[in-house]
Amino acid sequence: MNTLDRYRRLVHAANCDCSVCWSRRELANSAPSRSMSCEHCRPAQISKVAGRWVCQPASFCEKHRPARRAPRYWNVVYDSGKPTPFVPIYEPFED
């Protein structure tokens with residue numbers, strides 16, 4: 001365990017190509033995703049006004065509005081035909 005402690009908190013080099021550094025660089029370069037809200041979207045809010053809880057529902061712009069129906073999925077991914085039954089072999093193989 002003593003050998004692992006020497007490497008545990010080492011700082012990565014500036015030109016490091018490990019998976020952690022690569023992921024950090026790619027995340028910094030990526031564009032914001034479509035699911036992130038913009039300045040026109042408003043999250044739901046719950047506040048207490050005059051001793052009563054008031055809920056303001058979320059509102060989304062046209063770009064970020066969720067779909068009314070769930071996306072369609074495949075029923076059968078790959079149909080390889082009729083299933084083959086397993087038949088165990090009790091005879092030893094020939095040498």
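**Exercises: cysteines and a hairpin**

The sulfur of cysteine 38 sits 3.6 Å from the closest cysteine sulfur, the one in cysteine 61, which is too far for a bond. Keep that in mind as you work through this predicted model.

**Exercise 1.** Work out why cysteine 38 and cysteine 61 are not joined by a bond.

*Solution.* Start with the cut-off: a disulfide needs two cysteine sulfur atoms within 2.5 Å. Next, take the distance between the sulfurs of cysteine 38 and cysteine 61, which is 3.6 Å, so they are too far apart for a bond. Finally, check the total: by this rule, the count is 0 disulfides.

**Exercise 2.** Find out whether cysteine 38 and cysteine 55 are buried, partly exposed or exposed.

*Solution.* You need the limits here: buried is under 20% relative accessible area and exposed is over 50%. Cysteine 38 comes in at 24%, so call it partly exposed. Cysteine 55 has 55%, so that one is exposed.

**Exercise 3.** Describe how β1 and β2 fit together.

*Solution.* First, locate the strands: β1 covers residues 45-49, and β2 covers residues 52-56. Then look at the pairing, which is antiparallel with 5 bridges. Two of the facing pairs go like this: serine 47 has valine 54 as its bridge partner, while isoleucine 46 stands opposite cysteine 55. Now the turn: the hairpin leaves 2 residues between the strands, and alanine 50 there has a positive phi of about 55°. Last, check the cover: β2 has 0 buried residues among its 5.

**Exercise 4.** Decide where the chain's confidence is highest and where it is lowest.

*Solution.* Begin with the whole protein chain, where the mean pLDDT is 77. Confidence peaks in β2 at a mean of 92, and bottoms out in helix α1 (residues 2-7) at 66. Where pLDDT is low, don't read the predicted coordinates in detail.

How values were computed. Residues are numbered from 1 along each chain as its sequence is written. This is a predicted model: local features need pLDDT of at least 70, side-chain atom pairs count only at pLDDT 80 or more; totals for chains, interfaces and linings use all residues. Side-chain values use heavy atoms; hydrogens and water are left out. Buried means under 20% relative accessible area, exposed over 50%, partly exposed in between (1.4 Å probe, protein chains only). Helices (H or I, at least four residues) and strands (E, at least two) are DSSP runs, numbered from the N terminus. Two strands pair if DSSP finds at least two bridges between them. pLDDT is the predictor's confidence in each residue, from 0 to 100.
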